Amino acid sequence: MAKTLSTIRTQVRSFLDESSAADWTDPELNRLINAAYQRVTTAVMTVYEDYYITTDLFNTTANQQEYGSADGIPTDIFKIRRVELNYDVSNSNSAPTRCLPINMDEVRRDLGLRNAFMGVTAHSAAGYYTYGFGNSFKIGFIPIPDKTGTDAGKIWYVKTLAELSSDSDNIDIPHPDRYWLNIAYGASADALRFGQQESGEADKLDQKLAAGLILMQEELEDKIGEESKTVHDTTGLFVDFDI
């Protein structure tokens, strides 16, 4: 069953022993609920970041190296998981290439160097670098795209979550029926500390939240339950584990 902002606020008021607004208004509790919500979702991302993965397409412009929100780059990026770019999207035989992350300091020449990496170790693939966050986020490519292309780029990313604003807004966490009380614990603890009303009870709720987050992370960490654990060679090199 989905859990909404209204459901959580009702539970918080139950913990506060305040069925109707007296010490805490709905807007005040909503702020505390959203703070706890972001804490819980961040705990989810730590062990199960792919739960929040989404994708988006963006256009490229000939001779333009860096792209932002004006070019279709999403503004809710928290972590990038994968980037692909088709340097000749109008050619039906052209396939996207995976771009590998690089640090700007790896480029020993100017970033605008078009056809060489000059100090970047990954010579066989394009590279990308990023800076900024939210509306100021930018992603740059080496080599620079030399053709304008519609939907030439694709980005996989872990999204930032918007705050709950409407009473009917559903929380977005895995298995919400199991973990939603963690949000109520955190919000109630913060509310009880206002004016030092019940710091002892607040500590107890914080302990429940801490234990709940640990349990949630332990249960979410192994998402795939089949097959045995393996080691993946992502470098493409032969690795002799007997050494």
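Two strands pair if DSSP finds at least two bridges between them. Strands here are DSSP runs of E with at least two residues, and helices are runs of H or I with at least four, both numbered from the N terminus.

This is a predicted model, where local features need pLDDT of at least 70, side-chain atom pairs count only at pLDDT 80 or more, and totals for chains, interfaces and linings use all residues. Residues are numbered from 1 along each chain as its sequence is written, and side-chain values use heavy atoms, with hydrogens and water left out.

**Exercise 1. Trace the pairing of strand 4.**

Step 1. Take strand 3 (residues 77-85) and strand 4 (residues 97-101). Three bridges join them, and the two run antiparallel. Val 83 stands opposite Cys 99 of strand 4.

Step 2. Turn to strand 5 (residues 127-131). Two bridges join strand 4 to strand 5, and these strands run parallel. Pro 101 has Tyr 128 in strand 5 as its bridge partner.

**Exercise 2. Describe how helix 1 packs on helix 4.**

Step 1. Two packed helices are described by the angle between their axes and the distance between the axes. Axes are lines fitted to C-alpha atoms, for helices over the stretch in contact; angles run from 0 to 180 degrees between N-to-C directions.

Step 2. Helix 1 (residues 5-15) and helix 4 (residues 181-193) pack at about 50 degrees, with axes 9 Å apart. That makes helix 1 oblique to helix 4. The cut-offs: under 35 degrees is roughly parallel, over 145 roughly antiparallel, 65 to 115 roughly perpendicular, the rest oblique.

Step 3. List the contacts (heavy atoms within 4.5 Å). Helix 1 offers Ile 8, Gln 11, Val 12 and Phe 15; helix 4 offers Leu 181, Ile 183, Ala 184, Tyr 185, Ala 187 and Ser 188. By class, that contact of helix 1 with helix 4 has eight nonpolar, two polar and no charged residues. Ala, Val, Leu, Ile, Met, Phe, Trp, Tyr, Cys and Pro count as nonpolar, Asp, Glu, Lys and Arg as charged, and the others, Gly among them, as polar.

**Exercise 3. Do the same for helix 1 and helix 2.**

Step 1. Helix 1 and helix 2 (residues 26-48) pack at about 105 degrees, with axes 10 Å apart. That makes helix 1 roughly perpendicular to helix 2.

Step 2. Leu 5, Ile 8, Arg 9, Val 12 and Arg 13 of helix 1 meet Asp 26, Leu 29, Asn 30 and Ile 33 of helix 2. Five residues of the contact of helix 1 with helix 2 are nonpolar, one is polar and three are charged.

**Exercise 4. Is Leu 5 buried or exposed?**

Step 1. Leu 5 lies in helix 1. At 0% relative accessibility, Leu 5 counts as buried. Buried means under 20% relative accessible area, exposed over 50%, partly exposed in between (1.4 Å probe, protein chains only).
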